[in-house]
Amino acid sequence: MRKIKENMVKKKANGQYFTPKLITDFMVELIENKNNPSIFESCAGEGAFLKSLEEKGFTNITAFEIDNKLENKSNVKIEYKDTLTNIPNKKFKTIIGNPPYVRWKNIPESTREKLKLSSFWKDKINGLNDLLYLFILMSIDLLEENGELIFITPTFWTSTLHSKKIRQKMQEEGEITHLINFDEMKLFSGVSSNLLVFRFVKRKENKSMKVINIKNKGNLTNEIIQKIKELLLLLEKKDEIKQDFFQAFNHKQFTDFEDWNALPPSIESKIKNIEKSSNSKLGSFCEICNGMVSGLDEAFKVENVEEFSQKEKQLFIKVVKAKDLNKFFNDSFTNYIFLNDKNITKKELNSYPKIKEKLQRFRDGLIKRYCYQKDIPYWEWVFLRNKSHIEKSNKKIICPCKERFDSRNYVRFALIEGDYYVTQDATAIIPNKNVKEDIKYFLALLNSELIFQWLKYKGLNRGGSIGVFRKTTFFYTNKINKLAGQK
């Protein structure tokens, strides 16, 4: 058991998710530099890509891998070294692979210190970076002119704010030629990330990219790979194809760094009509607030109110969770223990025996919470994000931070009236005091089919979910109101 746990920790730290042969073969076939180009595999693992490259006759291959305990299952020599701190001093015609996806906080401290001291990396990293971010930036620099980069990655870098430098660098130095979004399809065992395969070429020709979106939650099969190849060929003659759970289309190169969300032509025209009819954003006259963070909801959530004394009940707050929401209104609320406002000491906690008893049951988990580098007593919440904004208004619109639109086919925006709070699974929308429109006007607009269509295609879409966060943009004008009324 100890060995298994050690392997899991190492796998997490190194981002080791080995690529199936169906994927490596497909990606190798995307290589357009056929004349035995110089190829670099920066995180070779057990040699999955190397085997596929061998089988296609490629021999001029350089391969690095950080973990020298992995078995090389190919005939290609692997150099065991940390690519990020041993960057090759030559350029390559083709770079291919499955770079690691490791959050900055999970990167070993020794590696983080090396990166901070590196002249190459010191101005490219911050606490929000994923290792993937670094591998993409490095790979673009290592490409020859007209070279190609073919990676399989999670989708987050196409839209998150801290990945903006990746999008900017790609746009300035070359073009995306292929973008195959596997969405929620199961490609790796034990991995639930939404994944994509992209091909980037280091030249500017202003050619359209070939985009394929696959809406299927099943396992990857050879039939699906063959269908992707067929659609890529059909896109030479057609601009848009929709078959079963495949949507394929040609898309112009992205023109900004903000959010790379490729829409099919039939949808893009509708979205542009919505945006053209808009001249302001909801965030201009509403506070859009993510909820507070307890660090361990189970510890503070009150299941049976009657077990507590009247004195203890005065330390409860009413919280509207995502599960409590319906479209337009809420069904219920949840009581939570909240002691932060009382400055209660450990000794004073004895005056609230049932509260203490409940919190004591979760004491170990509460102590281990991520506390945002603050010394927080285990009986308090860790992050009172937007608490003051949420308290300002007795009326607010609340929606889930993440909504499954593929099963529900709408986003729940609910009007909440009263002294209610929200936690991290919900977002509150609060009109500013100088806004003349009634809050119910915004409620109706946000729940309209028009706004749902915009959110579905231009929101923070991850698989079958829409993320509704502080940076999400909602459009508003009288023209939008008319359009929404037509739906």
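So, seventeen helices might be a mouthful, but let me put it as the count has it: the protein has 17 helices and 23 strands. Please keep in mind that this is a predicted model. Of its 487 residues, 51% count as buried. And if you take the contacts between residues at least 6 apart in sequence, 73% of them join residues at least 24 apart.

Let me take you to one pair of helices. H2 covers residues 21–29 and H7 covers residues 222–234; they pack at an angle of about 15°, and their axes are 10 Å apart. Angles under 35 degrees count as roughly parallel, so H2 is roughly parallel to H7. The crossing of H2 past H7 is right-handed.

Which residues meet there? From H2 we have Leu-22, Phe-26 and Glu-29, and on the H7 side they meet Asn-222, Ile-225, Ile-228, Lys-229 and Leu-232. By character, the residues of this contact divide into five nonpolar, one polar and two charged.

Hold on to Ile-228, please, as we turn to the core. The largest nonpolar core has 39 residues, and within it Phe-182 and Ile-228 touch the most other members. Helix H7 gives the most to this core, with five residues. What does Ile-228 touch, once we leave aside its neighbours within four places in sequence? Its contacts are Phe-26, Ile-180, Phe-182, Ile-212, Ile-214 and Phe-246. You'll recognise Phe-26 from the H2 side of the helix pair. There is also another core, lying apart from that one, with 37 residues; Cys-43, Phe-151, Val-211 and Trp-260 are among them.

Now for a bit of backbone. Most residues other than glycine have a negative phi. Here are two residues with a positive one.

Asn-206 is not a glycine, yet its phi is positive, about 60°. Where does Asn-206 sit? You'll find it in the loop between strand E7, 195–201, and strand E8, 209–214. Is Asn-206 buried or exposed? Its relative accessible area is 65%, so Asn-206 is exposed.

Then we have Phe-328, again not a glycine, with a positive phi of about 85°. Phe-328 has its place in a strand, E14, which runs over residues 328–329. With a relative accessible area of 33%, Phe-328 counts as partly exposed.

If you have the model open, do start at Ile-228: you can follow it to Phe-26 in one direction and to Phe-182 in another, as both are among its contacts. Thanks, everyone!

Terms used:
Residues are numbered from 1 along each chain as its sequence is written. This is a predicted model: local features need pLDDT of at least 70, side-chain atom pairs count only at pLDDT 80 or more; totals for chains, interfaces and linings use all residues. Side-chain values use heavy atoms; hydrogens and water are left out. Axes are lines fitted to C-alpha atoms, for helices over the stretch in contact, and angles run from 0 to 180 degrees between N-to-C directions. Helices (H or I, at least four residues) and strands (E, at least two) are DSSP runs, numbered from the N terminus. Angles under 35 degrees count as roughly parallel, over 145 as roughly antiparallel, 65 to 115 as roughly perpendicular and the rest as oblique. A crossing is left-handed if the near helix is turned anticlockwise from the far one by less than a right angle, and right-handed if clockwise. Contact means heavy atoms within 4.5 Å. Ala, Val, Leu, Ile, Met, Phe, Trp, Tyr, Cys and Pro count as nonpolar, Asp, Glu, Lys and Arg as charged, and the others, Gly among them, as polar. A nonpolar core is a set of buried Ala, Val, Leu, Ile, Met, Phe, Trp, Tyr and Cys residues joined through side-chain atoms within 4.5 Å. Buried means under 20% relative accessible area, exposed over 50%, partly exposed in between (1.4 Å probe, protein chains only).
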